[in-house]
Amino acid sequence: MNESEARSLLEIADDELILGWRDSEWTGIAPLLEEDVAFSSIAQNEIGHARALYELVARDRGTTADELAFDRMPDEYRNSRLVELRLLDWEKTIARHWLYEQADAERLERLKQSEDSEIAGLAAKIDREEAYHRMHAKMWFDRLKDEPRFTTALEDLRPLLDGGRDDHTPELGELWEEMTIVRRSQPAGTKW
Amino acid sequence: MIYEVFRQERKGQPFQHAGSVEAPDHAFADVYAREQYGRRGESTALWVVPREAIVEVEEFVDELNRNYHRVDGYSLKAKLKEARERVGSALVARDR
């Protein structure tokens, strides 16, 4: 794995971890109980994908998936700003879900062509689960596509998708505080 | 709306009732049924059916009154016990 491959895997892993966290905030409060189950399960999948990707990079860099996920500073995360926003409106959450799944599908398609068979294999495995996420996103898109609140959310969020990965919103810092508080409560190198 | 979900574990096997999902329409029922009963390799196919579409039949008329065809009320346990006792007492009588 070369450095640019490792960097792009980290970008995806960070996207999936942060989005998984944000989506999981809907657990227990989604608009329908069945949706609660479905969306929580999608959130859990994303974190699972992040874990698998971190593991691949961690092996290459001689570190661990946990250290990559939780022991970096907020400004070291390479996720897109789209995923870090706390979106407590359902139509915005679905707009993000729709935008993200489309972009993620393109990215996975490229990774599946990687010459590194481990990367290509992992991308194919992740994509099999993402197929369900895309179906779920499409179902909501079809339902909401004519709602002005939804189309406005799409327009507002779309620029964040291509907005670069160097800058973050303050919401990532807040999320980082919560996400890493347990690990930071113990000295570095603690065995959990 | 409630949808009943039937799942087929392997090709060729009968579909069995798996449970139900609540969804506003067919498209949502499809996705929710996959989530609950299909997307982890546990099924090869699902039938997702609005509960209203199911015709339930539960009262049966015994038109010909041929209750001698039925075995209810016939306790095999009691009959066996009786038979065992008969044989047992016959053996005792023979040994005498």
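A:Leu17 lies in helix α1 of chain A. The model that holds this residue is predicted. A:Leu17 counts as buried, because 24 C-beta neighbours fall inside 10 Å and the threshold for burial is 20 or more. Apart from neighbours within four places in sequence, its contacts are A:Ile47, A:Ala50 and A:Ala69. A:Lys191 stands 174 residues from A:Leu17 in sequence. The C-alpha atoms of A:Leu17 and A:Lys191 are 22 Å apart in space.

Chain A contains eight helices and zero strands. Its pattern along the sequence is α-α-α-α-α-α-α-α. The C-alpha trace of chain A spans about 50 × 40 × 30 Å along its principal axes. The radius of gyration of chain A is 17 Å. A compact globule with 192 residues would have a value near 16 Å, so the two agree. Buried residues account for 30% of the 192 residues of chain A. Contacts in chain A were also considered by separation in sequence. Among those between residues at least 6 apart, 73% join residues at least 24 apart.

The largest nonpolar core has 20 residues. Those that touch the most other members are A:Leu9, A:Ala13, A:Ala50, A:Leu53, A:Tyr54 and A:Val57. Five helices of chain A each supply at least two residues of this core: α1 (3-24), α2 (33-61), α3 (65-70), α4 (81-84) and α8 (170-184). Helix α1(A) provides the largest share, with seven residues. In soluble globular proteins, nonpolar side chains tend to be buried together. A:Tyr54 illustrates the contacts of one core member. Leaving aside its neighbours within four places in sequence, A:Tyr54 is in contact with A:Ala13, A:Ala65, A:Leu68 and A:Ala69. A:Ala69 is also in contact with A:Leu17. A second, separate core has 15 residues. Its members include B:Tyr3, B:Val21, B:Phe28 and B:Val48.

Chain B has two helices and three strands. Along the sequence they follow the pattern β-β-α-β-α. The principal axes of chain B give spans of about 80 × 35 × 25 Å for the C-alpha trace. Its radius of gyration is 26 Å, but a compact globule of 96 residues would have one near 12 Å. Of the 96 residues in chain B, 18% are buried. Among contacts in chain B with a separation of 6 or more, 44% come from residues 24 or more positions apart.

The strands of chain B were examined next. Strand β1 (residues 2-8) of chain B has two faces. B:Tyr3, B:Val5 and B:Arg7 form the covered face. B:Ile2, B:Glu4, B:Phe6 and B:Gln8 form the uncovered one. Six bridges link β1(B) and β2(B) in the antiparallel sense. Within this pairing, B:Tyr3 has B:Val21 of β2(B) as its bridge partner. Both B:Tyr3 and B:Val21 belong to the second core. B:Arg7 is opposite B:Leu46 in β3(B). Strands β1(B) and β3 (residues 45-50) of chain B also run antiparallel, joined by six bridges.

Together the three strands make an open sheet in the order β2-β1-β3 (chain B), with antiparallel pairing. Strands β2 and β3 of chain B stand at the edges, and each has a single partner strand, so one side of each is left without a neighbour in the sheet. Neighbouring strands of the sheet are turned by 25° against each other on average, direction ignored. Opposite B:Phe6, in β2(B), stands B:His17. Helix α1(B) packs on the sheet and touches β1, β2 and β3 of chain B. The direction of α1(B) makes about 125° with that of β2(B).

The two chains are in contact through ten residues from chain A and eleven residues from chain B. On the side of chain B that touches chain A, β2 (16-22) and α1 (26-37) of chain B are the elements that give two or more residues. Helix α1(B) gives the most, with seven residues. By class, this side of chain B comprises six nonpolar, one polar and four charged residues. Both of its main contributors recur in the fold of chain B: β2(B) is an edge strand of the sheet, and α1(B) packs on that sheet.

Note on methods
Residues are numbered from 1 along each chain as its sequence is written. Chains are lettered from A and ligands numbered from 1 in the order in which they are written. This is a predicted model: local features need pLDDT of at least 70, side-chain atom pairs count only at pLDDT 80 or more; totals for chains, interfaces and linings use all residues. Two residues are in contact if their C-beta atoms, placed from the backbone, lie within 7 Å. Helices (H or I, at least four residues) and strands (E, at least two) are DSSP runs, numbered from the N terminus. Ala, Val, Leu, Ile, Met, Phe, Trp, Tyr, Cys and Pro count as nonpolar, Asp, Glu, Lys and Arg as charged, and the others, Gly among them, as polar. A residue is buried if 20 or more other C-beta atoms lie within 10 Å of its own, exposed if 12 or fewer, and partly exposed in between; C-beta atoms are placed from the backbone. Two strands pair if DSSP finds at least two bridges between them. Axes are lines fitted to C-alpha atoms, for helices over the stretch in contact, and angles run from 0 to 180 degrees between N-to-C directions. The radius of gyration is taken over C-alpha atoms; the globule rule is 2.2 Å times the number of residues to the power 0.38. A nonpolar core is a set of buried Ala, Val, Leu, Ile, Met, Phe, Trp, Tyr and Cys residues joined through C-beta atoms within 7 Å.
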